[in-house]
Amino acid sequence: MKHTEAPASLILLFGATGDLAKRKLYPSIYNLYKKGLLSDRFAVVGVARRLKDDDDFRNWVKESIDTFGNSSEDLTEFISHFYYQSHDVTDSESYRELKNLVDCLDTTYHLDGNRIFYLAMSPEFFGTVAEHLKEDGLTDTKGFKRLVIEKPFGHDLPSAINLNKRIRSAFKENEVYRIDHYLGKEMVQNIEVIRFSNAIFEPLWNNRYISNIQITSSETLGVEERARYYDKNGALRDMLQNHMMQIVSLLAMEPPIKLTTDEIRSEKVRVLRALRPFKNEEIDQYFVRGQYGEGTINNETVPAYRNEPNVDPESNTETYVAGKFMIDNFRWAGVPFYIRTGKRMDKKSTKIVVQFKDIPMNLYYKNGSSLNPNLLVIHIQPEEGITLHLNVKKTGQGMETNPVKLNFSNKSIDGMNTPEAYEKLLFDCLRGDATNFTHWDEVALSWRFVDQISEVWANQKAPFPNYAAGTMGPKAADELLEKDGFFWWPVADLDVDENC
Ligand code: NAD
């Protein structure tokens, strides 16, 4: 389906001088503009604390696109649509000034009163900003009004409920776009297409043919400058509650009856409702936590987490989590979904491995060797593609088998770089498509699941550090699979071969 341009709209960007805006949002808006997907009738108002006038702000935006995007001669015309408002998010006077500017731009650019409020700032302000937008009249508009909200959405279920209540006092659920940028990634969006458009996978996608599913999201970076935030949250809240559980839902959901936002979201919610609950004393059987110690990455020694700046030297925060989800429904009973995610691991990679069951009898068993299981590997980042692992006959005499990989790489086939997740999500939001954003029900269910684990872990001191930087995590994470008769497929051996 070819996309037509988005409707006229004003984008109000709170946190306009922040890291996310600079690295992702301005280059994404610009890409939409260059592709003709943005209406000519658009304006952006940047809101932040640092004093800047419109010219300063336009230079800032230009610099960010020069650095992180692909600028061309139309950049000057593009940035002429940008305006700046120095703003204190807690002060009503600031919102009244903002409203005057917004009303004026609405008339100048014929924006039909359409407004997107994008909160790219510290989560502590999300509720305050949403309430002020209503109280000070900015949501009072004849066009659409949408709130885009960055993660994290709360730090546990009670705080998420509280935040949701505040937001919902100003916006309806279908006006709230909770960003999980993984849902904007090309290969995450491809999960549904691979499953629901291929006759060779759809009939096999269940506990009769799949033995287990593994999702790895590993980073080589440490906490960098996020230590203050990260040390209070850890991998469980920062990665598992949102990105990893979203991927599990997409892999496990039933086919929706239609590709509408409501149908897809309700199928994802049903997966989260089917997650097997466990008792507090059983958590260790399902989840493993880790924290990195000193180690070597790219031949350089890197410090232990506890020695990073702004980290508590006694920190009990996990920088790694591995887990086993069991989905208790007809399709998935008995099939473990293993996930692992962490910092300072030996390779940056996000991949899904779907391991199929062994065939009933191996005719080609020879010299103690056994057949490799068929694997479907979905490469999410940095490579994007699919690999199917099959067994074929070894060329020559005899009937020995050889494992082969059939590769599809987005880069080599499409010959283009896929759009950045934020570009796709911004475009969806402008068009009013909330499918790839998280519904409140998903947020609530995933927090409920995660809260139980974090409460148990908060009350027990962990034997940290328990993995060296530059490795794939603690030994206990390997044992999690070994006791079920499986092992983690080494991500380095699974890479997509872009020359194929
Ligand atoms: P940042 O600290 O770099 O930027 C914060 C912005 O908020 C700045 O523009 C600052 O001027 C503004 N601000 C702070 N206090 C203010 C106040 N009282 N009044 C008005 N403006 C104020 O933060 P960031 O890294 O850009 O992150 C923003 C949000 O995006 C956070 O919720 C973060 O979790 C989320 N996020 C960021 C990234 C990323 O790559 N940086 C990725 C995913 C999610």
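Start by selecting Asp112, in the loop between α4 (92–108) and β4 (115–119). This is a predicted model, and in it Asp112 has a positive phi of about 55° although it is not a glycine. That is worth a second look, because most residues other than glycine have a negative phi.

Next, go to the ligand and display its surroundings. Which residues are closest to the ligand? They are Thr17, Asp19, Leu20, Arg23 and Lys151, out of 21 residues that surround it. Colour that shell by residue class and you should find eleven nonpolar, four polar and six charged residues. Now highlight helix α1, residues 19–34: this helix gives the largest share of the shell, three residues.

Stay with the ligand and switch on backbone atoms. Three distances to oxygen atoms of the ligand can be checked here, each from a backbone N or O atom:

- Met121, at 3.0 Å
- Gly18, at 3.1 Å
- Arg49, at 3.4 Å

With a surface switched on, keep this in mind: the ligand taken alone exposes 840 Å², and the protein buries 77% of that.

Now bring in the annotation. An unreviewed UniProt entry places the feature "binding site" at Gly15, Ala16, Thr17, Gly18, Asp19, Leu20, Ala21, Lys22, Arg49, Asp88, Val89 and Lys151. Of these residues, Lys151 is included in the lining of the largest cavity. Before following that lead, select Ala16, which you will find in the loop between β1 (9–14) and α1.

Then move to Lys151 itself and look at its link to Pro152: the peptide bond is cis, with omega near 0°. Pro152 sits in the loop between β5 (145–149) and α6 (157–168).

From there, turn to the cavities. How many cavities of 30 Å³ or more are there? The count comes to three, and the largest has a volume of about 170 Å³. To find the largest cavity, select Phe153, Gln241, Asn242, Thr438 and Val443, which lie nearest its centre among the 18 lining residues. Show α8 (227–252) and α13 (440–458) as well, since each supplies at least two residues of this lining. By class, the lining of the largest cavity has eight nonpolar, five polar and five charged residues.

For the last stop, select Gln381 and Pro382. The peptide bond between them is cis, with omega near -5°. Pro382 lies in the loop between β15 (375–381) and β16 (385–393). As a reminder of what to compare with, most peptide bonds are trans.

How values were computed. Residues are numbered from 1 along each chain as its sequence is written. This is a predicted model: local features need pLDDT of at least 70, side-chain atom pairs count only at pLDDT 80 or more; totals for chains, interfaces and linings use all residues. Side-chain values use heavy atoms; hydrogens and water are left out. A residue is near a molecule or strand if one of its heavy atoms lies within 4 Å of it. A polar contact is a pair of N or O atoms within 3.5 Å; within protein, one must be able to donate a hydrogen and the other to accept it, and residues adjacent in sequence count only if both atoms are side-chain atoms. Accessible areas come from the Shrake-Rupley method with a 1.4 Å probe; for residues, only the protein chains shown count as cover. Helices (H or I, at least four residues) and strands (E, at least two) are DSSP runs, numbered from the N terminus. Ala, Val, Leu, Ile, Met, Phe, Trp, Tyr, Cys and Pro count as nonpolar, Asp, Glu, Lys and Arg as charged, and the others, Gly among them, as polar. On a 1 Å grid over the protein atoms alone, a cavity is a set of points where a 1.4 Å probe fits but cannot get out, and a pocket is an open set with protein on both sides within 12 Å along at least five of seven lines; lining residues have an atom within 4 Å of a point. Grid points are joined across faces, edges and corners, and a volume is the space filled by probe spheres set on the points. UniProt positions are given in the numbering used here, feature names are shortened, and annotations may be inferred rather than shown by experiment.
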